[in-house]
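Biologist: I've got the fold up on my screen and want to poke around inside it. Can you walk me through a few spots?

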Amino acid sequence: MAKVEEKKPIVQEIKDNLDGAKSVVLVDYLGLTVEQDTKLRREARENGVIYKVYKNTMVNLAIEGTEFADLAKDLEGPTAVAFSKEDATAPARVIAKFAKTAPKLELKSGIVEGTYYDAAGIAVIATIPSREELLSKFLGSIQSPIANFARVINQVAEQKSAEA
């Protein structure tokens, strides 16, 4: 009975991290050095991502009956979980970026805004820029034609004043 009582707080912690999460990504971390793992955790924190290693059985208990239940089939071997409550693409993006320097780190699968993605799908999600980057690109593309129009009007006004 004592073992069950010890597991309840861990399962509850996972459930709390899942509550309101926009995305959850499973990661195979086998082969990472302590130094690499520390760097990954720091990068995750800086990007608003919760990166934790839990026992698969604990994660299984926590995701049972939730929108994240599809992840259960990928809970084999050493698995870390990355959660994000703010940016839906952040966990996949942070892990994939870090995996370029640590080839042993692999994305297993994930759920982004209620949709399950396998390793290939999560790799594609990782290439999507953050919401802020997308907004700045959008605003830049809107601003460009307006700036060009203002330059043309200014040149016409200068031409008219030079003729007069």
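**Inside the model**

Biologist: How much space lies in the largest cavity?
Modeller: This is a predicted model, where local features need pLDDT of at least 70 and side-chain atom pairs 80 or more, while totals for chains, interfaces and linings use all residues. Numbering starts from 1 along each chain as written, and side-chain values use heavy atoms, without hydrogens or water. A cavity is a set of 1 Å grid points where a 1.4 Å probe fits but can't get out, and its volume is what probe spheres on those points fill. For the largest cavity, that comes to about 40 Å³.

Biologist: How many cavities of 30 Å³ or more turn up?
Modeller: The search covers the whole structure, with 30 Å³ as the smallest volume that counts. The number found is 1.

Biologist: Which elements each supply at least two residues of that cavity's lining?
Modeller: The lining (residues with an atom within 4 Å of a point) is Ile 14, Leu 18, Val 24, Leu 26, Val 59, Ile 63, Leu 71, Val 81 and Phe 83. Helices are DSSP runs of H or I, at least four residues, and strands are E runs of at least two. Those giving at least two residues each are α1 (2-18), β1 (23-28), α3 (56-63) and β3 (80-84).

Biologist: How many of the lining residues are nonpolar, how many polar and how many charged?
Modeller: Val, Leu, Ile and Phe are among the residues counted as nonpolar, and those names run through the lining, from Ile 14 to Phe 83. The tally for the largest cavity is 9 nonpolar, no polar and no charged.

Biologist: Is Asp 37 buried or exposed?
Modeller: Asp 37 sits in helix α2, residues 34-46. Leaving out residues up to four places away in sequence, Asp 37 touches Leu 32 and Tyr 51 (heavy atoms within 4.5 Å). Its relative accessibility is 16%, so Asp 37 counts as buried (under 20%; over 50% is exposed, in between partly exposed).

Biologist: How far apart in space are Ala 69 and Val 59?
Modeller: Ala 69 is in the loop between α3 and β3, and because its relative accessibility is 32%, Ala 69 counts as partly exposed. Val 59 helps line the largest cavity. The two are 10 residues apart in sequence, and their C-alpha to C-alpha distance is 9.6 Å.

Biologist: Which residue lies over the face of Tyr 116?
Modeller: For Lys, the test is NZ within 6 Å of the ring centre and within 35 degrees of the ring normal. At 4.4 Å from the ring centre of Tyr 116, the residue over its face is Lys 73.

Technical notes:
Buried means under 20% relative accessible area, exposed over 50%, partly exposed in between (1.4 Å probe, protein chains only). On a 1 Å grid over the protein atoms alone, a cavity is a set of points where a 1.4 Å probe fits but cannot get out, and a pocket is an open set with protein on both sides within 12 Å along at least five of seven lines; lining residues have an atom within 4 Å of a point.
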